[in-house]
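Hi,

Here is the structure I promised to pass on to you. Please open it beside this email and follow along.

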Amino acid sequence: MWLKTTHLVFAALLLLAPTGWTSGFSEFPVYQGPGFQLHPVVSGELVVWNDYRDGYWDIYGKYLSEPNDLAITTSRESSVGGIDGGFLVWSDSRDGKADVYGKHLPSGPEVAICLAPSPQGPADISGAYVVWKDGRNSPTNVPPEFWNNDIYGYELQTGSEIPICTNPADQINPRIDGNIVVWQDGRNRFFPPFTEWDIYGYDLSTEQEFAVTNAPWAQAEPAISGNVVVWMDVRNDNWDIYGKDLSTGIEFPICRDPFGQGQPSIDGNIVVWVDYRNTTPEGWGQGDIYGYDLLTHTEFPISLDPSDQGPPQISGNLVVWHVRRNGDRDIYGAYIPEPASTSLLALAALPLLRRKRRSGCTREGVAEISKQSHLRLHLVDSCDVQGTAVVLSLGREVRIDR
Ligand SMILES: [Ca+2]
Ligand SMILES: [Ca+2]
Ligand SMILES: [Ca+2]
Ligand SMILES: [Ca+2]
């Protein structure tokens with residue numbers, strides 16, 4: 001009976017399969033010139049990245065509708081932060097210590113946002129607010145577990161600086177959307193090897209700090225869009241992607257594949273991350289780009305290029321990342337199509353998931369149920385409240401949370 005059901009679902013999957021399954025969505029080069037181009041950020045059709053074409057770290061960008069790329073800073077010591085509505089913020093060590101600068105692209109005047117002594121950055125921006133990691137209160141020449149970086153902010157309209165979190169522990173990797181700032185927080189790192197990290201947040205409108213998650217082990221590199229915070233999470237002994245809806249207080253796993261996932265980005269209902277499930281057995285080093293639709297609870301590969309691909313950023317349905325190829329690094333992108341095909345796949349797999357729930361439980365790991373040429377069907381933790389069905393087919397994956 002099991003085989004009969006699975007064959008029916010496989011047939012449905014094949015009928016619904018769009019072309020191009022093996023490589024995710026259609027990707028395109030944003031910029032592939034000489035030297036390293038790394039860590040792109042994106043806002044609308046504007047992509048901005050760190051650029052080493054002349055042997056110094058500058059910032060370049062490109063409007064996708066324009067033929068040529070654009071030099072944004074040539075200070076030789078700059079590093080991209082965040083971008084929102086065409087306003088870019090970055091950290092810049094032109095004076096020997098990292099400071100925060102901003103500029104409205106393409107041609108606005110450069111704005112010095114924080115020139116305080118000690119390092120500032122990385123920075124992020126949303127609307128009128130800029131936030132950054134700030135080392136002004138951190139002791140120097142001490143081991144990293146005693147660092148005391150803080151989170152500071154700046155309101156562009158008033159020119160006023162805002163201390164957001166000056167807790168004596170280490171706070172790093174701030175991100176902002178609207179009035180909500182989130183960051184990676186080390187206040188619970190009491191004991192060696194000091195691997196405990198959590199995610200905290202601050203509401204600029206209510207001036208209230210709150211814990212996003214205090215889960216065991218490390219939660220790191222958060223991102224936020226609207227009410228949803230996402231982060232990379234090693235509570236299950238390997239790096240996964242988790243999220244939380246701040247409006248409901250409900251935390252949820254987004255990807256718990258047994259290989260490593262990290263450095264997520266989110267815009268609206270789409271979460272993207274770098275994924276090492278297809279790496280060699282020797283370890284990390286062949287990252288791919290995956291995504292997840294929070295509305296349809298559907299996971300999908302965005303790019304499975306055999307080169308190593310760096311952390312993605314998303315704006316609307318445009319995803320960008322850097323790719324390592326032939327010793328060089330270039331910037332690529334892809335548009336995520338409307339989720340019609342993946343929604344159909346999810347519907348196709350649901351009857352099978354319901355059947356498995358009646359027939360018994362599989363609590364541990366990945367239970368392989370059937371294998372037919374390139375098609376495999378797995379159920380993961382099907383008794384768990386966060387039970388998940390995973391359909392792997394020619395490299396394309398659809399995941400349905402119960
Ligand atoms: Ca601190
Ligand atoms: Ca933790
Ligand atoms: Ca994982
Ligand atoms: Ca290049």
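Below are some notes on its strands, one proline and its core.

This is a predicted model, in which local features need pLDDT of at least 70 and side-chain atom pairs count only at pLDDT 80 or more, while totals for chains, interfaces and linings use all residues. Residues are numbered from 1 along each chain as its sequence is written, and chains are lettered from A and ligands numbered from 1 in the order in which they are written.

Let's begin with a sheet. Four strands form an open sheet in the order β10-β11-β12-β13, and their pairing is antiparallel. (Strands are DSSP runs of E with at least two residues, numbered from the N terminus; two strands pair if DSSP finds at least two bridges between them.) At the edges are β10 (120–126) and β13 (160–165), each of which pairs on one side only. On average, neighbouring strands in this sheet are turned by 25° against each other, direction ignored; the angle is taken between lines fitted to C-alpha atoms, on a scale from 0 to 180 degrees between N-to-C directions. β10 is joined to β11 (residues 129–134) by five bridges, and Ser126 sits opposite Tyr129 in β11.

Just before that sheet, have a look at Pro119, in the loop between β9 (110–114) and β10. Is Pro119 buried or exposed? The label is partly exposed, because 18 other C-beta atoms lie within 10 Å. (Buried takes 20 or more such atoms within 10 Å, exposed 12 or fewer, and partly exposed is in between, with C-beta atoms placed from the backbone.) Beyond its neighbours within four places in sequence, Pro119 is in contact with Lys97, Ala98 and Gly135; contact means that the C-beta atoms, placed from the backbone, lie within 7 Å.

Next comes β29 (residues 328–335), where six of the eight residues are buried. Which strands pair with β29? Strand β1 (residues 27–31) does so over four bridges, and β28 (residues 318–325) over eight, both in the antiparallel sense. Ile331 in β29 stands opposite Tyr31 and also opposite His322. β28 and β29 make a hairpin with two residues between them, and Asn326 in the turn has a positive phi of about 55°.

Finally, the core. The largest nonpolar core has 74 residues, and Val48, Val130 and Val230 touch the most other members. (Such a core is a set of buried Ala, Val, Leu, Ile, Met, Phe, Trp, Tyr and Cys residues joined through C-beta atoms within 7 Å.)

Enjoy exploring!

Methods: Two residues are in contact if their C-beta atoms, placed from the backbone, lie within 7 Å.
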